[in-house]
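User: Hi! Could you walk me through the ring contacts here and show how each label is earned?

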Amino acid sequence: MKSRTDAPTERNSRTGTYAVLLAPRQPKTVQIGRLGALTLAGGVLVYVGSALGPGGIAARCRHHARIAARPHWHLDDLRPHCDLLGFWVAYGTERLEHRWALTLGALPAANWPLLRFGASDCRCPAHLIALPEVPTSETLHQSLGAGCWLQPGDL
């Protein structure tokens, strides 16, 4: 018999912070809503956010795994132009995305490809960070702290 804490609806609705790892499909310039133009080049893009409301991490990451018919967030405008590599997630109620954005932005060769991307309601330069290569799980763990790597099918 499953315990109450093993119920799928509770396990899948845990809240927390997530990082979406994306690989641009080709070099190009993409319009991100009214925010401006984002130039896609080589490397990888990492978007950080939190999912503290209903549905939690699983619902938010499933949304970001799809191509949105009607874009709502900045990331929705970017997703059609990138392959999804996976998610780094940390479960809990603490809002970590600001610390994660600043930490990732301080990594060697990191940059902010479009200021204010995903950060229109905070003081971070952006919640989208460009890195020259996909960070390893070890790098993410050392930089961001406890978390785990998830593939879209894991949600």
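Analyst: Happy to! This is a predicted model. A good place to start is Arg14, which lies over the face of Tyr91 at 3.7 Å from the ring centre.

User: What makes Arg14 count as lying over the face of Tyr91?

Analyst: The distance part is easy to check: CZ of Arg has to be within 6 Å of the ring centre, and for Arg14 and Tyr91 the value is 3.7 Å. The position also has to be within 35 degrees of the ring normal.

User: Thanks! And how many aromatic pairs does a search of the whole structure find?

Analyst: The search finds two. One of them joins Tyr18 and Tyr47, with 6.4 Å centre to centre and 45° between the planes.

User: Why is the pair of Tyr18 and Tyr47 called tilted?

Analyst: Stacked needs planes under 30 degrees apart and edge-to-face needs over 60, so the rest are tilted; the pair's 45° fits that label. Tyr18 lies in strand S1 and Tyr47 in strand S4, so the pair ties together parts that are 29 residues apart in sequence.

User: How do you know whether Tyr18 is buried or exposed?

Analyst: Buried means under 20% relative accessible area. Tyr18 has 1% relative accessibility, so Tyr18 counts as buried. Tyr47, at 8%, counts as buried too.

User: What makes the pair of Tyr47 and Phe117 edge-to-face?

Analyst: Their planes are at 70°, and their centres are 6.0 Å apart; the label needs over 60 degrees, with centres within 6.5 Å. Phe117 is also buried, and Tyr18, Tyr47 and Phe117 form one aromatic cluster.

Methods: Residues numbered from 1 in each chain as written. Predicted model: local features only at pLDDT ≥ 70, side-chain atom pairs only at ≥ 80, totals over all residues. Heavy atoms only, no water. Helix = DSSP H or I, 4+ residues; strand = E, 2+ residues; numbered from the N terminus. Buried < 20%, exposed > 50% of the residue type's maximum accessible area, 1.4 Å probe, protein only.
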